[in-house]
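Me: I would like to work through this protein one step at a time, with the reasoning spelled out before each result. Could you take my questions in turn?

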Amino acid sequence: MRSVLAAVFLAAGVLCAAAFIEVAIYSRHGDDAPADAAIVLGAAVYDDRPSPVFRERIRHAVMLHRAGRVRVLLMTGGRAAGDHLSEGEAAAEWARQQGVPPTALLVEARSRTTRENIANSVPLLKAHQLDRVLIVSDPLHMRRAVAIARALGLNARPSPTPTTRYTGWGSWTGFLLSEAYHLNRCRLLGAC
């Protein structure tokens, strides 16, 4: 029985270490080719303003649009208790203030998780005949987010933000461990 338990723990450790390395390496990859749209994954909103993390995601998407790399920005995220705007609505408003025309913005305002951000985006993309998409989020979030998008049938590529608040050893390691855990969980559940 001890050898079976030791084998299980060893296998779990190897699986965790592999995901840890995969997430870290993938965080450095971005796709420079043009796409039809960028899906901006939601993050916290404070009342009606995007949090600093979310603002960096939106800023990156706006730069992609200005550079002509995407035609449409699809802002995602629902509304938490106490907020006046959903994450998607707050992101669209911030992008409009940066000069993105309303015709280049789509909003998904019901999701609460990364998977919901992407799953709820699929019908909007299909309705607007948008095929190739860039997933915009923090670098360490890229592996799982792109895996989910591809599992949902999207022609998705990574476009990590060039900046992140996860720069210190403690916050970076914590986020990396969390993403490695969620990537393994996602795979075990068949969600990505």
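Me: Which residue in strand 4 does I39 stand opposite?

Reply: This is a predicted model, and the place to look is where two of its strands lie side by side. Strand 1, residues 35-40, and strand 4, residues 70-76, run parallel and are joined by five bridges. Across this pairing, the residue of strand 4 that stands opposite I39 is L74.

Me: In what order do the five strands of the open sheet lie?

Reply: General knowledge helps here, since strands of a sheet pair through backbone hydrogen bonds, either parallel or antiparallel. In this open sheet the pairing is parallel. Strand 5 (105-108) and strand 7 (155-160) each have a single partner strand, so they stand at the edges with one side left without a neighbour in the sheet. Read across the sheet, the order is 5-4-1-6-7.

Me: By how much are neighbouring strands of this sheet turned against each other on average?

Reply: The strands of this open sheet pair in parallel, yet there is still an angle between neighbours to consider. With direction ignored, the average turn between neighbouring strands is 25°.

Me: How far apart are the end C-alpha atoms of helix 2, and what span should its residues give?

Reply: Helix 2 covers residues 52-66, which makes 15 residues. The expected span takes 1.5 Å times one less than the number of residues, and therefore helix 2 should span 21 Å. The model agrees with this, because the end C-alpha atoms of helix 2 are also separated by 21 Å.

Me: Which element supplies the largest share of the largest nonpolar core?

Reply: The largest nonpolar core has 24 residues, and among its members I58, L73 and M75 touch the most others. At least two residues each come from strand 1, helix 2, strand 4, helix 3 (87-97) and strand 6. The largest share, six residues, is supplied by helix 2.

Me: Which residues does L73 contact, leaving aside its neighbours within four places in sequence?

Reply: L73 is one of the residues that touch the most other members of the largest nonpolar core. Once the neighbours within four places in sequence are left aside, L73 is in contact with A38, A61, V62, H65, V100, A104, L105 and L106.

Me: Is G13 buried, partly exposed or exposed?

Reply: G13 is found in helix 1, residues 2-26. Its relative accessible area is 37%, and buried would need under 20% while exposed would need over 50%. The value lies between these limits, so G13 is partly exposed.

Conventions. Residues numbered from 1 in each chain as written. Predicted model: local features only at pLDDT ≥ 70, side-chain atom pairs only at ≥ 80, totals over all residues. Heavy atoms only, no water. Helix = DSSP H or I, 4+ residues; strand = E, 2+ residues; numbered from the N terminus. Pairing = 2+ DSSP bridges. Axes fitted to C-alpha atoms, helices over the stretch in contact; angles between N-to-C directions. Buried < 20%, exposed > 50% of the residue type's maximum accessible area, 1.4 Å probe, protein only. Core = buried A, V, L, I, M, F, W, Y, C linked by side-chain atoms within 4.5 Å. Contact = heavy atoms within 4.5 Å.
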